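Biologist: Could you take me through this model step by step? I would like each term explained as it comes up.

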Amino acid sequence: MKNREKEWLVAPSDPHFVGNGFRMHNFIPYDQRLSRNRMDPFILLDYQSDFYFPPSEDSRGVGVHPHRGFETVTIVYKGKVAHHDSTGAGGVIGAGDVQWMTAGAGILHKEYQEENFTKEGGNLHMIQLWVNLPSNHKMAHPSYQGIKEADIPKVKLLGNKGYVDVIAGLYKNTKGAARTFSPMHVYNVHLEENGTADFSFPEEYSTAFLVIEGEVTLNNKDVVPQDHFILMQNKGTDFVLRANKESVILMLSGEPLKEPMVAHGPFVMNTQQQLVQAFQDYEEGKFGYLKE
Ligand code: MN
């Protein structure tokens, strides 16, 4: 065991709207410390901090758009998000739920605040993470895993001062709910005041966490406020979080794919030629059809 320390504490960037329904702080990749290569295999992280939307009769969200070459992971902490895609799938993601969508060879989808949520107004608090696909799975058949809060395995923490939702990978030998194409660990860590949780990930894994709620101290040293992101060094393996108040933390650790990335907008491929092909296939309607 060797201690792993922070590399950067990153404050939330100015928010930008995705469509008219999501008020996102981007961490990955537009902060230059959190480039796609540095965070590999995590290629985008948009974070909607806890934000109140007043009631509205107009739908709020982002209309039909394509993705190819990666997976989109949506985790909702407060509020409700609805989605529909060109495979005919759709549903509602509520508090604690996870949608793990494999765009693979290509999908069209739309993402909205759930209709009644918009009508009544309320707080929305969520993330969207993009996970890159290894080159041999870039053209995987599109699919999605709708994972309900109740179906996410939970590991109780020492002294019963919290628990870990194992969304993907492993925590203390408990296997996560989501299937992934490359090795990674994704958790929601729930800590009561003074609760602690320890983590151990291979040194080379890109490892980071985001304080969704509350405030934590890393390795008895670094105080990390709500809405702040910590990138960990690739030196050492183990670290510990202590909650200064009741807290929720999104934890990410993944084995870098170390493959070339050629990205534009909603397409992330390995070569320029594949990127051109993605635009061409999209324009020729090969991603299927979805009604606006
Ligand atoms: Mn999308």
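Modeller: The conversation below goes through the metal site, the core, the salt bridges and the aromatic pairs.

Modeller: This is a predicted model, in which local features need pLDDT of at least 70 and side-chain atom pairs count only at pLDDT 80 or more, while totals for chains, interfaces and linings use all residues. Residues are numbered from 1 along each chain as its sequence is written, and side-chain values use heavy atoms, with hydrogens and water left out.

Biologist: Which residues coordinate the manganese ion?

Modeller: His65, His67 and His109 each coordinate the manganese ion through NE2, and Glu111 does so through OE, at 2.1 to 2.4 Å. Donors are N, O and S atoms within 2.8 Å of the metal (3.2 Å for Na, K and Ca); water is not among the atoms, so sites may look incomplete.

Biologist: What spacing do the donors follow along the chain?

Modeller: The spacing of the donors of the manganese ion is H-x1-H-x41-H-x1-E. His65 in strand 5 (residues 61–67) and His109 in strand 10 (residues 107–113) are 44 residues apart, and the pair links distant parts of the chain. Helices (H or I, at least four residues) and strands (E, at least two) are DSSP runs, numbered from the N terminus.

Biologist: Are His65 and His109 buried or exposed?

Modeller: Both His65 and His109 are buried. Buried means under 20% relative accessible area, exposed over 50%, and partly exposed in between (1.4 Å probe, protein chains only).

Biologist: Now the core. How many residues does the largest nonpolar core have?

Modeller: The largest nonpolar core has 31 residues, and those with the most contacts inside it include Phe27, Trp100 and Phe229. A nonpolar core is a set of buried Ala, Val, Leu, Ile, Met, Phe, Trp, Tyr and Cys residues joined through side-chain atoms within 4.5 Å. A second, separate core of 23 residues includes Val189, Phe201, Phe209 and Met251.

Biologist: Next topic: how many salt bridges are there?

Modeller: The count comes to 14 salt bridges, each being a side-chain nitrogen of Lys or Arg within 4 Å of a carboxyl oxygen of Asp or Glu. One of them joins the side chains of Lys6 and Asp222 (3.4 Å, N to O).

Biologist: Where do Lys6 and Asp222 lie?

Modeller: Lys6 is in strand 1 (residues 6–10) and Asp222 is in strand 21 (residues 222–225), so the pair ties together parts that are 216 residues apart in sequence. Lys6 is partly exposed, with a relative accessible area of 29%, whereas Asp222 counts as buried at 16% relative accessibility.

Biologist: And what about Glu115 and Lys119?

Modeller: Glu115 and Lys119 form a salt bridge, with the closest N and O atoms 3.5 Å apart. Both residues lie in helix 2 (residues 115–120), 4 residues apart, about one turn of the helix. Glu115 counts as exposed at 55% relative accessibility, and Lys119 as partly exposed at 38%.

Biologist: Which residues are linked in a network of salt bridges?

Modeller: That network of salt bridges links Arg68, Asp281, Glu284 and Lys286.

Biologist: Last topic: how many aromatic pairs does the structure hold?

Modeller: The structure holds 16 aromatic pairs. Rings of Phe, Tyr and Trp (its six-membered ring) pair if their centres lie within 6.5 Å; planes under 30 degrees apart count as stacked, over 60 as edge-to-face and the rest as tilted.

Biologist: Why is the pair of Phe51 and Phe53 edge-to-face?

Modeller: The ring centres of Phe51 and Phe53 are 5.1 Å apart and the planes are at 80°, so the pair is edge-to-face. Phe51 counts as partly exposed at 24% relative accessibility, while Phe53 is buried, with a relative accessible area of 4%.
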